[in-house]
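Please walk through this model with a view to how its sheets, helices, core and metal site are put together, keeping the definitions of the terms in mind as they come up.

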Amino acid sequence: MKSTIANIDVVLGLETSCDETAAAVVRKGTQVLSSIVSSQVPVHRQYGGVVPELASRAHLEGILPMVTMALERAHCTLDDIDAIAVTQGPGLIGALMVGVQTAKALAYTTQKPIIGVNHVQAHITAIHLRDPDFPNPPEISYPHIALVVSGGHTAIYRVDDPVSIENLGQTLDDAAGEAYDKVAKMMGLGYPGGRVIDELAQNGNKEAIEFPRAWLSNRPNDFSFSGLKTSVKTHLKKYGVPEGQDLKDLCASFQEAVTHVLVKKTLRATKELGIADVVIAGGVAANSRLRSRMIERAKRQRLRVHPVPLRYCSDNAAMIAALGYQLLQRGRQNDVLTMDAGAKIKELDS
Ligand code: KG4
Ligand code: ZN
């Protein structure tokens, strides 16, 4: 039977915007039946960052096995899927095209609806996902504020409902995750560096070095991390790459500078708009100091913080299926023949 928008229940999601090839099956936009993520980190590590051509090729090799595995783990076949959601953008164009073309081929041959999803917005929708290990996601009232912090994005949003998401401000230069990755590279800590810095920082003195914070007082919802990155570079040039406790202190001091700004600006925007709930999403939302500082500071101001569960912070396809479901419920759908990937947000359909 051809699925109509009215009877959509189970959505297959595909994600190939950067360096993770992922597929997932999600029921009613919340219940994760399967979520498979294949990281390309081993492919890119030796280059210290994502190489777009290698990413596209790895997606091409990985996407169909990921779809097969996601369907198997969900104990279903393509016949049980009501619609296909795919990351339309933003991201690396060659990488996005692999997901979009695969989704189009699946939608065309099965005659099922297809919906293109904004990857950054999907990071926010991830807060509604649940699975057997995380059966009761928090009840979050609308509107709420969302901080999305990843390797490619750092932005604050006002979320009026799952598909009405307004950008309030963003980074003017590097994303927070990018700053982590570049600083880690300078210190020879490998790629990606966020998690390594986070781990080292946990036993470091965060007051050891006073790194600069870009408050941008006339742009209170915007961020800038390039000055901080340069400051770490200058420090390393002057004193060399530290070892042992000094390395931990440097990581902790850098991390404090990043999280101080992220927390303060997010909570300021929340208070100013008279909103009580904050979601933190994206790969950097896995950061231990960001989570603890945000929760502690929010409590003082009687605000509620909802961090996305760790496994849905970094790129995954369950969040794509979840936002796709919400869009389909509201009657949105793409044309399978004309739909295209878009590297930039302004090129997306929704
Ligand atoms: O959301 P994501 O998987 O991919 C993008 O859409 O960019 O985010 C990846 C980013 C990387 O920059 C990585 O270093 C960072 O998230 N990251 C962290 C942590 N875990 C991952 N940054 C700080 N602390 C962490 N624990
Ligand atoms: Zn992402």
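**Two cis prolines and their loops**

Proline 90 is found in the loop between strand S4 and helix H3 (93-110), where helices (H or I, at least four residues) and strands (E, at least two) are DSSP runs numbered from the N terminus. The peptide bond that leads from glycine 89 to proline 90 is cis, with omega near -10°. Another cis peptide bond joins tyrosine 142 to proline 143, with omega near -5°, and proline 143 is found in the loop between helix H4 and strand S6 (144-149).

This is a predicted model, in which local features need pLDDT of at least 70 and side-chain atom pairs count only at pLDDT 80 or more, while totals for chains, interfaces and linings use all residues. Residues are numbered from 1 along each chain as its sequence is written, chains are lettered from A and ligands numbered from 1 in the order in which they are written, and side-chain values use heavy atoms, with hydrogens and water left out.

Strand S4 (residues 83-89) is joined by 5 bridges to S5, and these two strands run parallel; within this pairing, threonine 87 has valine 117 in S5 as its bridge partner. Both strands belong to an open sheet of 5 strands, with the order S3-S2-S1-S4-S5 and mixed pairing, where two strands pair if DSSP finds at least two bridges between them. Strand S3 (31-39) and strand S5 (114-118) stand at the edges with a single partner strand each, so one side of each is left without a neighbour in the sheet. The twist of this sheet averages 20° from one strand to the next.

Two helices can be placed against this sheet, with contact meaning heavy atoms within 4.5 Å, and with axes being lines fitted to C-alpha atoms, for helices over the stretch in contact, so that angles run from 0 to 180 degrees between N-to-C directions. Helix H2 (residues 52-73) lies across strand S1 (10-15), strand S2 (20-27) and S3, running at about 25° to S2. Helix H10 lies across S1, S2, S3, S4 and S5, and runs at about 115° to S5.

Another open sheet of 5 strands has the order S8-S7-S6-S9-S10, again with mixed pairing. Its edge strands are strand S8 (164-170) and S10, each of which pairs on one side only, and its twist averages 25° from one strand to the next. Strand S7 (residues 154-161) and S8 pair in the antiparallel sense over 6 bridges, and tyrosine 157 stands opposite asparagine 167 in S8. Helix H8 lies across S6, S7 and strand S9 (277-281), running at about 160° to S6.

Tyrosine 157 also appears in the description of the nonpolar core, a set of buried Ala, Val, Leu, Ile, Met, Phe, Trp, Tyr and Cys residues joined through side-chain atoms within 4.5 Å; buried means under 20% relative accessible area, exposed over 50%, and partly exposed in between (1.4 Å probe, protein chains only). The largest such core has 81 residues, of which Leu129, Leu147, Tyr157, Met187, Ile197, Phe254 and Leu262 touch the most other members. Helix H8 (residues 244-272) gives the most to this core, with 12 residues. A second, separate core of 26 residues includes Leu96, Val98, Ala103 and Ala107. In soluble globular proteins, nonpolar side chains tend to be buried together.

Which protein residues are the donors of the zinc ion (ligand 2)? They are His119 (NE2), His123 (NE2) and Asp315 (OD), lying 2.0 to 2.2 Å from the ion, where donors are N, O and S atoms within 2.8 Å of the metal (3.2 Å for Na, K and Ca), and sites may look incomplete because water is not among the atoms. In sequence, the donor residues are spaced H-x3-H-x191-D. Histidine 119 lies in helix H4 (residues 119-125) and aspartate 315 in the loop between strand S10 (304-307) and helix H10 (318-329), so the pair ties together parts that are 196 residues apart in sequence. Both histidine 119 and aspartate 315 are buried.

Two loop residues other than glycine have a positive phi: histidine 75, near 55°, and arginine 302, also near 55°. Histidine 75 lies in the loop between H2 and S4 and is exposed, with a relative accessible area of 74%. Arginine 302 lies in the loop between helix H9 (288-300) and S10, and at 77% relative accessibility it counts as exposed.
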